[in-house]
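Biologist: Please give a close account of one part of this model, setting out its burial, its contacts and its place among the other elements.

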Amino acid sequence: MSAGYAASAKVTTSVNFVAESAPGAAPLVGVIMGSDSDLTVMQDAIDVLAEFRVPCEVRIVSAHRTPDVMVEYSRTAVDRGLRVIIAGAGGAAHLPGMTASMTSLPVIGVPVPLAQLDGLDSLLSIVQMPAGIPVATVAVGNARNAALLAVRILAIADPELRVELDRFADTLADAVREKDTQVRDAQAV
Ligand code: RP5
């Protein structure tokens with residue numbers, strides 16, 4: 001097991017303030033979502049960023065209800081020092097694509113499942129982007145992978161983060177080996 005990657009600051013989120021995984025550090029990742037109802041899904045991304053000690057900011061930015069905020073957020077993201085944006089939305093999920101259309105930063109979309117349609121509506125709304133404006137779309141509800149992809153993007157220019165990612169991969173492999181051992185031991189009895 002890795003001792004390195006698991007150490008993290010506890011992040012408490014609220015729709016009213018910017019959560020930071022590294023207090024005082026300038027955010028490198030923007031985690032935005034269309035509604036506070038998305039937060040239960042998006043919390044997984046915030047937690048992963050905290051685990052890797054990547055400073056992030058968390059905002060509610062609605063493509064439909066606060067379009068002016070979305071425009072301002074997207075157009076100022078580069079100058080504010082962000083490197084990656086993770087955008088989660090559900091239903092007619094236009095936030096990731098519209099954000100990607102107004103920034104050159106990589107945007108990772110998280111389809112948030114709502115009560116109807118099991119998130120297929122969110123998935124298709126986010127993934128079916130026109131040529132020229134890419135959004136890297138993760139599986140429905142998989143905000144954890146969105147944050148891991150953001151960490152991988154940052155690790156291109158951060159060797160220490162790459163080491164942490166390697167350690168993280170080792171923990172995954174260790175867990176699978178352990179389960180394999182348990183299954184084989186159970187069959188042997
Ligand atoms: C989308 O509408 C949001 O991303 C959210 O997933 C969905 C429902 O929003 P609420 O009605 O719960 O605020 O824009």
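Modeller: A residue is called buried under 20% relative accessible area, exposed over 50% and partly exposed in between (1.4 Å probe, protein chains only). The model is predicted, so local features need pLDDT of at least 70 and side-chain atom pairs count only at pLDDT 80 or more, while totals for chains, interfaces and linings use all residues. Residues are numbered from 1 along each chain as its sequence is written, and side-chain values use heavy atoms, with hydrogens and water left out.

The part chosen is helix α6, which spans residues 159-188; helices (H or I, at least four residues) and strands (E, at least two) are DSSP runs numbered from the N terminus. The structure holds five salt bridges, the term standing for a side-chain nitrogen of Lys or Arg within 4 Å of a carboxyl oxygen of Asp or Glu. Side chains of opposite charge can pair when their charged atoms come close.

One of these salt bridges links arginine 167 to glutamate 164, with an N to O distance of 2.8 Å. The two residues lie three apart in helix α6, so about one helical turn separates them. Their burial may be set side by side: glutamate 164 counts as buried because its relative accessibility is 12%, whereas arginine 167, at 35%, counts as partly exposed.

A further salt bridge joins arginine 177 to aspartate 174, and here the closest N and O atoms are 3.2 Å apart. Again both partners belong to helix α6, at a spacing of three residues, or about one turn of the helix. Arginine 177 is exposed, its relative accessible area being 53%, and aspartate 174 is partly exposed at 31%.

The salt bridge of aspartate 180 with arginine 184 has its closest N and O atoms 3.3 Å apart. In this pair the spacing within helix α6 is four residues, so the partners are likewise separated by about one helical turn. Aspartate 180 has 37% relative accessibility and therefore counts as partly exposed, while arginine 184 is exposed with a relative accessible area of 54%.

Helix α6 also takes part in the largest nonpolar core, where it is among the elements that give two or more residues. A nonpolar core is a set of buried Ala, Val, Leu, Ile, Met, Phe, Trp, Tyr and Cys residues joined through side-chain atoms within 4.5 Å. Of the 31 residues in this core, Val29, Val31, Leu49, Phe52 and Ile86 touch the most other members. Besides α6, the elements giving two or more residues to the core are β1 (29-33), α1 (39-51), β2 (56-60), β3 (84-90), β4 (107-112) and α5 (143-155). The greatest contribution comes from α5, with eight residues. Another core lies apart from this one and has 18 residues, including Ile32, Leu82, Ala89 and Ala100.

The helix also borders a pocket: α5 and α6 each supply at least two residues to the lining of the largest pocket, and α6 gives the most, with three. On a 1 Å grid over the protein atoms alone, a pocket is an open set of points where a 1.4 Å probe fits, with protein on both sides within 12 Å along at least five of seven lines, and lining residues have an atom within 4 Å of a point. About 250 Å³ of space lies in the largest pocket, a volume being the space filled by probe spheres set on the points, which are joined across faces, edges and corners. Its lining has 14 residues, and Leu28, Arg83, Leu154, Asp158 and Leu161 lie nearest its centre.

Several of the strands that share the core with α6 also belong to an open sheet of five strands, in the order β2-β1-β3-β4-β5 and with parallel pairing. Two strands pair if DSSP finds at least two bridges between them. The edges are held by β2 and β5 (136-137), each with a single partner strand, so one side of each has no neighbour in the sheet. Between the parallel strands β3 and β4 there are six bridges, and alanine 87 has glycine 109 of β4 as its bridge partner. Two bridges join β4 to β5, also parallel, and glycine 109 stands opposite threonine 137 in β5. Strand β4 is largely enclosed by the rest of the structure, because six of its six residues are buried. From this strand, Val107, Gly109 and Pro111 point one way and Ile108, Val110 and Val112 the other way.
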